[in-house]
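Good morning, colleagues. Please take a moment to look at the structure on the screen before I begin.

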Amino acid sequence: PGGSTGAGQPPAGCSDEQKAAAAASCGQELERARVASGTEEERAAFIADCVFDMCASAAAGEDVRRRVAQQAVAAEAMRDVEVRRLAVAVEHPDMLWVVPAPGTEGQVAWASHRGWCMGLPLDSDPLDPPVGTKLVLQPCAPEGALVPDGLRFRLPASDFGQVRLAANPGKCWDVGGGQATNGTALQLWDCRDDHPDMQFTMPAGLAGPIRWTTSPEMCADVSQGQER
């Protein structure tokens, strides 16, 4: 879908000195990890995204900020909805979601940008999506409008369990390959009762992180915080 293709702006509470320090840390981490970052423009875009993440954690200690930079380098450069480690003490804006009530169906919205929701790619058939279909961000249906099948999910009746595609409840959210690794894609797969890769803990109060129940330190994350 359309939307911003550039990096998000660092939070207003991040001073110029903090931004400069964050940019230096991100650049150093790139060099330390010997990551080839393509063109200078691509490198600058990556560092801007990394600075955004570090500024979002500005209230945390230096060790936490360093881990954020390390994770930014380690994460895959995808724009899909993915699983990422929630390492900082503060709630990260890329990991906050607004969900329907337990046992009901509806849209799962990115709390930081309520106009964007978790859904299927536009070229997918929500009545018969193939296994392995990745979840991506799509524009949400406006309030009061009919919600497209590709944006409707049925939540578990309790605070954790399987999240099913409402239009085809035989398809469930799944952590690709069961990997507790930053950048692992969230995808659809044939539902299997009690399968550990298909268990998710919903946020308390209908807003907050969506955690992988099997490895609760891993959360659904919008890659690089980009609306696309």
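Which cysteine forms a disulfide with Cys-117? The partner is Cys-140, and the two sulfur atoms lie 2.0 Å apart. I should say at once that this is a predicted model. The torsion about the S-S bond of Cys-117 and Cys-140 is about 105°, so this disulfide is right-handed. Cys-117 belongs to strand β5, whereas Cys-140 sits in the loop between β6 (136-139) and β7 (153-154), so the bond ties together parts 23 residues apart in sequence. Cys-117 counts as buried because its relative accessibility is 1%, under the 20% cut-off. Cys-140, at 16%, also counts as buried.

The count of disulfides comes to two. The other joins Cys-172 to Cys-191, with an S to S distance of 2.0 Å. This link is right-handed, with 105° about the S-S bond. Cys-172 is in strand β10 and Cys-191 in the loop between β11 and β12 (200-201), 19 residues apart. Cys-172 has 0% relative accessibility and counts as buried.

Let me turn to the surroundings of Cys-172. Strand β10, residues 168-175, is mostly covered, with six of its eight residues buried. On one side, β10 is joined by two bridges to strand β9 (residues 164-165), and the two run antiparallel. They form a hairpin with two residues between them, and Leu-165 has Asn-168 in β10 as its bridge partner. Strand β10 also pairs with β11 (residues 184-190), again in the antiparallel sense, over five bridges. Here Cys-172 stands opposite Trp-189 of β11.

Next, the interior. The largest nonpolar core has 24 residues, and those touching the most other members are Trp-97, Val-108, Leu-135, Trp-173, Phe-200 and Ile-210. At least two residues of this core come from each of β5 (116-119), β10, β11 and β15 (218-222). The largest share, three residues, is supplied by β15. Leaving aside residues up to four places away in sequence, the contacts of Val-108 include Trp-97, Cys-117, Phe-153, Trp-173 and Ile-210. A second, separate core has nine residues, among them Cys-14, Ala-22, Cys-26 and Val-51.

Finally, the chain as a whole. Its secondary structure comprises three helices and 15 strands. Of its 228 residues, 47% are buried. Among contacts between residues at least 6 apart in sequence, 60% join residues at least 24 apart. The chain exposes about 10,700 Å², of which carbon and sulfur atoms supply 51%.

Definitions and conventions
Residues are numbered from 1 along each chain as its sequence is written. This is a predicted model: local features need pLDDT of at least 70, side-chain atom pairs count only at pLDDT 80 or more; totals for chains, interfaces and linings use all residues. Side-chain values use heavy atoms; hydrogens and water are left out. Buried means under 20% relative accessible area, exposed over 50%, partly exposed in between (1.4 Å probe, protein chains only). Helices (H or I, at least four residues) and strands (E, at least two) are DSSP runs, numbered from the N terminus. Two strands pair if DSSP finds at least two bridges between them. Contact means heavy atoms within 4.5 Å. Accessible areas come from the Shrake-Rupley method with a 1.4 Å probe; for residues, only the protein chains shown count as cover. A nonpolar core is a set of buried Ala, Val, Leu, Ile, Met, Phe, Trp, Tyr and Cys residues joined through side-chain atoms within 4.5 Å. A disulfide is a pair of cysteine sulfur atoms within 2.5 Å.
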